[in-house]
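Colleague: I am new to this structure and would be grateful for a close look at a single part of it, its nonpolar interior.

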Amino acid sequence: MVRRIKGDVNFTRNWEEYKWGFGSFGGDFWLGNELVATITSEGNFELRADMRYKDKSYYAIYDSFKVESEADRYRLRIGNYTGDAGDSLKDHQKDRVFSTFDKDRSYSQCPLIHKGGWWYHNCHLSHPTGVWKAKASSGLIWYHITGLRDSVDEIEMKFRRK
């Protein structure tokens, strides 16, 4: 769904770019909301986030995962958390709609302030689409690891059929 391992792609993108995806599988990328919504529309999926921060690995698994269609603004549906990264996604981003700077559904200017598209709600506790290596809340945030003032070194979020 998203990979940030090199810092070779700018994630401050508009709705259409997040809809269709960008980047390359050899580096950083966003798979595309339309493709993820289509794939997850039938069947059961789980979501896994793998992160590196200060030479340590962390993970978070959500036992169900779905992205709704564009008609529902790519609303995020996720289930129960397990892992050692802390739940920085479910309680804050669950059931939220996707926002970009040109289609801000957060009503708080979160995509404009923090850069990158995401399922914002009072901005974020997770933010893998932020500014590469930023030492502020616009970085690659996973709150239970980084707080709101640092970035994970790498993050990859992927889903699979259960």
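Which residues of the largest nonpolar core touch the most other members?

Modeller: This is a predicted model, in which local features need pLDDT of at least 70 and side-chain atom pairs pLDDT 80 or more, while totals for chains, interfaces and linings use all residues. Numbering starts from 1 along each chain as its sequence is written, and side-chain values use heavy atoms, without hydrogens or water.

The largest nonpolar core (buried Ala, Val, Leu, Ile, Met, Phe, Trp, Tyr and Cys joined through side-chain atoms within 4.5 Å) has 40 residues, of which Trp-30, Leu-47, Met-51, Phe-65, Leu-89, Trp-142 and Met-157 touch the most other members. Two or more residues each come from α1 (15–20), β3 (29–30), α2 (33–40), β4 (45–53), β5 (56–62), β6 (65–67), β7 (76–78) and β11 (154–161); these are DSSP runs, helices (H or I) of at least four residues and strands (E) of at least two, numbered from the N terminus. Strand β4 gives the most, with five residues.

Beyond residues up to four places away in sequence, Phe-65 touches (heavy atoms within 4.5 Å) Met-1, Val-36, Thr-40, Phe-45, Glu-46, Leu-47, Leu-76, Arg-77, Ile-78 and Phe-159.

Strand β4 also holds Tyr-53. With a relative accessible area of 11%, Tyr-53 is buried (under 20%; exposed is over 50%, partly exposed in between, with a 1.4 Å probe and protein chains only). Leaving aside neighbours within four places in sequence, Tyr-53 is in contact with Tyr-58, Ile-145, Thr-146, Asp-150, Ser-151, Val-152 and Asp-153.
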